[in-house]
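Biologist: Could you take me through a close look at the aromatic rings here, and then at a few residues around them? I would love one connected account that I can follow with the structure open beside me.

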Amino acid sequence: MWHAPFRRLWHDANDLKFPQMRRLLAAASGADLAPGKMIQFQDVSKYYDNQTALRKITFSIEKGELVFITGPSGSGKSTLLKLIYRAIRPDEGSLRVMDLSLNTLRESDVPQLRRHIGVVFQDFRLLDNRNIFENVAFALRIRGVDEKEIKTKVFETLKIVNLRHKSDNYPPTLSGGEQQRISLARAIVADPAIILADEPTGNIDPDTAAGITRISKDINARGTTILIATHNRELFRNTGRRVLKLDFGNFAGEEAG
Amino acid sequence: MSLPYSFKLTLQSILRERWIYLLSMLTISSGLAFTAITLLLVYNIDSATRKLPEKFSVMIYLKDTATEDERNAIIAAAQKDRIVAHTIFIPKEQALKELKSTLKDSAFILEGLGDNPLPDSIEVRFKSESVEPEAVQRFMGTLKDLKGIQETEYGEQFLSAVHSLRRGLRTVGLTIAIVMSIGMLFVCYSTVKILFYRKEEEIETYKLLGATRGFIRLPFLLEGAVIGFAGGLFSLAEVLGLYYLLVVSLGTTFPLLRLIAFPIDLVSLIPLSGLLIGMTGALLAIGRIKY
């Protein structure tokens, strides 16, 4: 519909209260983004009780990059991603996402930040009481997209992850690999500026894993910044992409995949 | 935020948690029905006691020294009042005659009185639609400053008893309504809180995906409204059923029951009260939940 972009703009503007959120939107608008850092960690530390989850992590990711974070279980990969979508706050250091300081971001502005980040959760976090279509559509509904556009975009995205034919099924009836792909579909359906994937190929067969990697690369080719946390070295071998290594909360260097 | 989508979420939630909803709704309907029946009772008793008997009148006894001008001034002042229907001047001779006819065979007891001891008097009759205790008391106040009046008599005790009864009934009715409303609010509050905690994981996912507090809260507010409104409709059905039973079915056997009035406003008031209670309960619940 001709008025769809205006509706979205109105919807977003409704939630905008501060200039920094306007900057966030400008940064998230894809192609118009000025060259700069999408994610910037500066000496970031995070502690759980007395345990150190991350210690003085410093790195940055440019717009349009596809970066892998690797390390053994418990090395802090998930914590690092959670910091980016503000599920948790950093205890020390400075963290900026889309030129927005997450150290000072108000709680009421967190939903706006998250609407520009697509997350593939390790445990999928699908809504079991809703069918596949509704699960993917949910990411658009919270953004105030109109029904017609939702229908078009959801079916397009389900086609990308090759699950168009299962749109009426419910998550518990799908295999782990299929649920993972639904989680990916939900993360990408709203064209977010950043996609975070937490072990997207964990516990799934190699063919499905290869499919998810291929989709991620395709999305990245369209200019979306992607950060994938994985302990599966096969996923980034010979990709030529940056790989950040974590070792029990410490930054352990960077290599090319 | 899309309102139709919030309605859809509400509907889904109602179907999923139908037993919790049903229980809350029935509790609210019982509470509202009890309150409505109490208020109906109060309303009917209040209406019955609002009107004093049509024969009710005020007697103004005049001083022996009262002049004709003073008497006429009293009559004029009384007739000026909008609640007064008419006044009757009773000369002392007529009063004695009437007393004798009332005493009939015992009239001999008046024989030793000599001079007529009764004073001239004025009887004030009121318009039947205006015979209310408050109005009569106000009228009595207007007589205070008039000259020539020896005494007035208007059944003060009777009036104050009616007053006390009405005031007591209103207080009881209001107390019951307030206590029951607080109870029903608590039911709604608890139900919405339970529903919220049952969906905690789902709500956590909503938040992680970027849902605003408004988006998350609206369905709960609507759920509270639905519980309250549906409870109100149920309660209206209960009250109307009871009214029908009393007035139509039992009214033929006990004609007094046919005098029970049912204010038509209750038809909209009961469901709207339920709606208000439901929404307030939900608002309090979602306002107190930290998320």
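Modeller: Happy to help; what follows goes from the aromatic rings to a surface patch and then to two buried residues. Please keep in mind that this is a predicted model.

Let's start with the rings. Searching the whole structure gives 13 aromatic pairs over all chains. One of these pairs is formed by F186(B) and Y189(B), whose ring centres are 6.2 Å apart. The angle between their planes is 25°, and the pair is stacked, because planes under 30 degrees apart count that way. Both residues belong to helix α6 of chain B, which runs over residues 156-198, and they are three residues apart there, so about one helical turn separates them. Are the two partners buried or exposed? F186(B) has a relative accessibility of 53%, so F186(B) counts as exposed. Y189(B), on the other hand, is buried, with a relative accessible area of 16%, because the cut-off for buried is under 20%.

Aromatic residues also gather across chains: F138(A) joins Y5(B), Y206(B) and F215(B) in one aromatic cluster.

Rings can have a charged neighbour over the face, too. In chain A, R164(A) sits over the face of F155(A), 3.9 Å from the ring centre. In chain B, R71(B) lies over the face of F89(B), and here the distance to the ring centre is 4.1 Å.

Now to the surface of chain B. I37(B), L242(B), L245(B), L250(B) and F254(B) make a nonpolar surface patch of about 400 Å². Among them, L245(B) is part of helix α8 of chain B, residues 213-249. The relative accessibility of L245(B) is 44%, so this residue counts as partly exposed.

For a contrast with the patch, look at S29(B), which you will find in helix α2 of chain B, residues 18-50. Its relative accessibility is 1%, so S29(B) counts as buried. Which residues does S29(B) touch, leaving aside neighbours within four places in sequence? Its contacts are G231(B), F234(B), S235(B) and E238(B).

Finally, chain A has a buried glycine to visit. G177(A) is in helix α7 of chain A, residues 176-188, and counts as buried at 9% relative accessibility. With neighbours within four places in sequence set aside, G177(A) is in contact with I204(A) and T208(A). As for A197(A), 20 residues from G177(A) along the chain, the C-alpha atoms of the two are separated by 14 Å.

Methods: Residues are numbered from 1 along each chain as its sequence is written. Chains are lettered from A and ligands numbered from 1 in the order in which they are written. This is a predicted model: local features need pLDDT of at least 70, side-chain atom pairs count only at pLDDT 80 or more; totals for chains, interfaces and linings use all residues. Side-chain values use heavy atoms; hydrogens and water are left out. Rings of Phe, Tyr and Trp (its six-membered ring) pair if their centres lie within 6.5 Å; planes under 30 degrees apart count as stacked, over 60 as edge-to-face and the rest as tilted. Helices (H or I, at least four residues) and strands (E, at least two) are DSSP runs, numbered from the N terminus. Buried means under 20% relative accessible area, exposed over 50%, partly exposed in between (1.4 Å probe, protein chains only). A charge sits over a ring if NZ of Lys or CZ of Arg is within 6 Å of the ring centre and within 35 degrees of the ring normal. Patches are made of residues with over 30% relative accessible area and no salt bridge: like charges are joined within 9 Å, nonpolar side chains (Val, Leu, Ile, Met, Phe, Trp, Tyr) within 5 Å. Accessible areas come from the Shrake-Rupley method with a 1.4 Å probe; for residues, only the protein chains shown count as cover. A salt bridge is a side-chain nitrogen of Lys or Arg within 4 Å of a carboxyl oxygen of Asp or Glu. Contact means heavy atoms within 4.5 Å.
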